[in-house]
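User: Please take one part of this model and look at it closely, then connect it to the rest of the fold. A plain account of pairings, charges, burial and backbone irregularities is enough.

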Amino acid sequence: MAWFGCRSAGIDGLHFLNAPEQFVTETKSVCCYCGTGCGVIISSVGADVECRLSPADPLHGRKAVLCETPVPPPLRRITGIRGDPDHPANFGRLCSKGSTLHLTTQITGRALYPELRLSRSDPRTKVTWDDALDTAAKKFAGIIKDHGPDAVAFYISGQLLTEDYYVFNKLARALIGTNNIDSNSRLCMSSAVAGYKATLGSDAVPCSYEDIALADLFLLTGSNTAWAHPIVFRRIEAAKAANPNLRIIVIDPRKTDTAAVADMHLAITPGSDVILYAAMLHVLLWEGFVDRQFIAAHTTGFDALRAQVSEVTPGAAAAVCGVTAEQIIQAARWFGEAKAPLSMWCQGLNQSIHGTSNNAVLIHLHLATGKIGKPGMGPFSLTGQPNAMGGREVGAMANLLPGHRALDNASDRAELAALWGVPVLSSAPGKTAVEMFDAIRDGKIKAVWIACTNPAHSLPDQAKVREALLAAEFVVVQDCFADTETCNYADLLLPAATWGEKDGTMTNSERRISRVRKAVDAPGEARADWEIVVDFARRLEARLSSPVGANNTASSLFPFTTAAQIYDEHAMLTFGRDLDIGGLSHAKLDELGPQQWPFASTAAAGTARLYQDGRFATPDGRARFAKLDLRLTAESPDAKYPIRLTTGRLRDQWHGMSRTGRSARLYAHEATPRLMVHASDLARRGMSNGQLARISSRRGSIVLPLQSGDEVQPGQAFAAMHWGARSLSHAGINELMQAAIDPTSKQPELKHAAIRIEVAELPWRVVALRASPTSTTAGEDKLLHWRNRLSPLLGQFDYAALTLAGRDDAVLKLQIASAAPLPADALAELCTALEFDVSRMTNYTDQSRNIIKHADIDNTSGQINGLLFAGEIAATDWLADLMLARQPLGESLRYLFAPTAKIPNAPLAASRTICNCLGVTEAQIISVIESGADLPALQTRLKCGTECGSCLPELRRMTAAEQGFRKARFAPA
């Protein structure tokens, strides 16, 4: 038996392993999902260190190891994860996504080596790194020479490390001379950036997580924080528990799990945010809650704003916002009365044609009342991606420059050019995300380099995005995954390292910089993102007739050989600026742990709270009251498109599911994509729950099943944004969304579209199921292998959904609906993709009714390995339950091909999982609640909600609903 002494990450002890040939290493790093920035401790096994006791490094996280019988195992791999109890962002807590990161590290679907195609009619083939980067350099250099530097573009990601971001930005601006570099943060946080700059003078969140415990009022708006930022929400819940007098206002069109904890929920009309807050400001003015001394001493523009909001009365706003004037007045009074109000928001405010004004007016509430820069108060934007803040620091968006410099400021450009050692930087505005793909589609941009993002899923108006990618002369995709929708368009695919395989830094929502550390080597020939960029840049330098040679690193703009060197240069560009991090380096972060900026060279610690002296990051030190854009949405419902569609996130999925979609466990809470509609809207259209519907906007149409729910208001609908063409027969909800953008932030209105809903007449159904051959990593890889073989086939069907189900024993599920029976060759193609040997399966055919059924039954265990039913599918639900339970058919074999949805002694039907950590289902929870259990009793009996806590809001809602029902039922007549 192997054993090791454990001296890293503040952990001491002796651990025993079952595998004598492998030993465990633990590495401190950061979660790669949302902007909360949770610290994690990654467990990995393998033999990449010597099997002997060695000095332990308590901060770098590599454990001292002692083995009795060392046997060289295969490549070191990640096997587990837990929260870092010492990290100030989460203190050991992880949500359902972060706690399952180790379940998403399968090899299947990874980009493992460079692939190139010389013609769009040919498939990509494996090439060497030299061939790949030389080809890229030749293509880019040729286009730049023939069409100028603005004929190329870079579209990068808030998931990159700061060091990756930095070299991409320097490549575009300093070497090539274009500002055509933008990030998918444009879809996420650019309105927050613009709002902060318009009011406070700088893109700097003034608050810290520690303010959550000090606030006496939370204004949560445009964010289902309980699902999108669960660890932040745990702090909010703790603050409420510690201070029952604390008030929570939630502003959201939907009744979300966040709204369920609110003391006041304002279910406003989508797009009316700015009008609501203008009306609240009107009340604050009218009732004397403003701090006129603070306004006079520390702000400008108040008189003009007061004149603008003078006509936005609560009564006038109520008619537009869909709430009562009394609610608006009460919300304003609560805010004005609060000693420490903390506002938090995310995409609901940002993804709007007036996202900048949404942000600005919320900040105005704090400026008008002087409630900013002190403990427990201020405007706190919740970042959507793990390092969107780091990207903003290095200026990796089209209108930004490093160190919070502005592209339209000649002095800033000249200073940066001098620091970089180049003669001049371009002043031409760069193309932002939507503009960039429009320019590619129009032929103005000839080549695009896409890194760590998936625009063929995430951008609005997907039909135009596909046209753009097909129109480009040369598309480079640099990604860790080879199976995203965008990879289909890559002429050159470059394999990148991913979470657990990279070294660098990230900055979270509270300006806290954390070290990201490598736990394992990247598979195949994948390389760190910054290494790829630096290698390409040196080759491009030579082809652009640069005075430096490609290999002359001493004179190159890209002399870097480590991520730490890149960080040092990035820090140098911030000296003396509002985000000064001159006192930080990789070594300093390793010594001190995560730190908040600014952290100047003379500082002993980071800065938790900004603007405490009332001086803001503007030339005159005064905050600005900005003029407001009081429009609603870019398009309004009408007779043809009468429903308002809103979009958002699910609790257990993230972005386009390129990572979370690899774990069956993360499908358990929401198994399939659907459109949620109010019951009255379904009844009015004669439609029912679960029915397939055709959903159309002015840009296209898709098919999804309907779900009735009171979470949405009548006349509104909701769909999650995660599902795309890898899982569906269409590109997902962004097929319907419009590309209208905020004129300042250039962020698209991804939160709203006008739609109509019609019955989809698709009576012919097919269901295919394939069980994981084992509950090991190899079994998960096999499921993903089959999924990736099926994904390219989905687009031919009227409706198709490809999902995973299960927990340790998973099942791949394909559902198809069509207007007519599928031809035999289409069914054969599905069987081939699933690697079914039909000749060895149990089969049933009824040609007169176009019914075909195949079942692969294990001869030894009697378990079902897989099936495909076409034309009649009634039995597939209970058969799926058998497969998930790993139960043999047994006596149920007689019902295998029977057209029946229920059989005697059927297995317990699979129920939606509420607690993903422990696999506790909705059915189990309801059973215990109905016995009279409250939340503490429920947690005692089932343990649900005692791990990461992501399910707690739903558990509270379920227990409260049952208690309300019991009170009503047993109340005296």
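Analyst: Strand β30 and its surroundings

Leu645 has Ala753 as its bridge partner in β30. The model is a predicted one. The pairing behind that contact is antiparallel: β25, residues 643–648, and β30, residues 753–759, are joined by three bridges. β30 also pairs with β27, which covers residues 692–696; this pairing is antiparallel and has four bridges. There, Arg756 of β30 is the bridge partner of Ser696. As background, strands of a sheet pair through backbone hydrogen bonds, in either the parallel or the antiparallel sense.

The loop that runs from β29 (716–720) to β30 holds one end of a salt bridge. Which residues form it, and what does it join? The side chains are those of Arg466 and Glu735, with N to O at 2.9 Å. Arg466 belongs to helix α17 (residues 462–471), whereas Glu735 sits in the loop between β29 and β30, so the pair ties together parts that are 269 residues apart in sequence. The two ends differ in exposure class. Glu735 is buried because its relative accessibility is 9%, under the 20% limit. Arg466, at 26%, counts as partly exposed. This pair is one of 60 salt bridges in the structure.

Other salt bridges stay inside one helix. In α18 (residues 529–543), Arg539 and Asp535 are four residues apart, which means a separation of about one helical turn. Their closest N and O atoms are 2.8 Å apart. Both Arg539 and Asp535 are buried. In helix α20, residues 586–592, Lys588 and Glu591 are three residues apart, again about one helical turn. Their side chains meet in a salt bridge with an N to O distance of 3.8 Å. Is this pair buried or exposed? Lys588 is partly exposed, with a relative accessible area of 29%, and Glu591 is exposed at 51%. The Arg539 and Asp535 contact, in turn, belongs to a network: salt bridges with shared partners connect Asp130, Asp134, Arg527, Asp535 and Arg539.

Charge also appears on the surface. Which residues make up the positive patch? They are Lys138, Lys139, Lys145 and Arg543. Helix α1, residues 129–147, contributes the most to this patch, with three residues. Lys138 lies in α1 and is exposed, because its relative accessible area of 57% is over the 50% limit.

A second piece of strand architecture is an open sheet of seven strands with mixed pairing, in the order β7-β6-β20-β19-β18-β8-β9. Its edge strands, β7 (125–126) and β9 (181–183), each pair on one side only. Within this sheet, β6 (residues 115–116) and β20 (residues 492–495) are antiparallel and share two bridges. Glu115 is the residue opposite Leu493 of β20.

The backbone has some less common conformations. Most residues other than glycine have a negative phi, and most peptide bonds are trans. Cys452 is an exception in phi, with a positive value near 60 degrees. Cys452 falls in the loop between β18 (447–451) and α16 (455–458). At 18% relative accessible area, Cys452 counts as buried because the value is under the 20% limit. Arg886 also has a positive phi, near 55 degrees, and is found in the loop between α24 (876–885) and β37 (913–915). For the peptide bond, the case is Trp597 to Pro598, which is cis with omega near 0 degrees. Pro598 lies in the loop between β23 (595–596) and β24 (623–624).

One more loop residue is worth locating. Asp252 is in the loop between β11 (247–251) and β12 (264–266). Asp252 is buried, with a relative accessible area of 8%. From Met189 it is 63 residues away in sequence and 18 Å away in space, taken C-alpha to C-alpha.

To return to the starting point: β30 pairs with β25 over three bridges and with β27 over four. The loop that precedes β30 carries Glu735, and the salt bridge of Glu735 with Arg466 ties that loop to helix α17.

Conventions: Residues are numbered from 1 along each chain as its sequence is written. This is a predicted model: local features need pLDDT of at least 70, side-chain atom pairs count only at pLDDT 80 or more; totals for chains, interfaces and linings use all residues. Side-chain values use heavy atoms; hydrogens and water are left out. Two strands pair if DSSP finds at least two bridges between them. Patches are made of residues with over 30% relative accessible area and no salt bridge: like charges are joined within 9 Å, nonpolar side chains (Val, Leu, Ile, Met, Phe, Trp, Tyr) within 5 Å. Accessible areas come from the Shrake-Rupley method with a 1.4 Å probe; for residues, only the protein chains shown count as cover. A salt bridge is a side-chain nitrogen of Lys or Arg within 4 Å of a carboxyl oxygen of Asp or Glu. Lys and Arg count as positive and Asp and Glu as negative; His and the chain ends are not counted. The place of a charge is taken as NZ of Lys, CZ of Arg, CG of Asp or CD of Glu. Buried means under 20% relative accessible area, exposed over 50%, partly exposed in between (1.4 Å probe, protein chains only).
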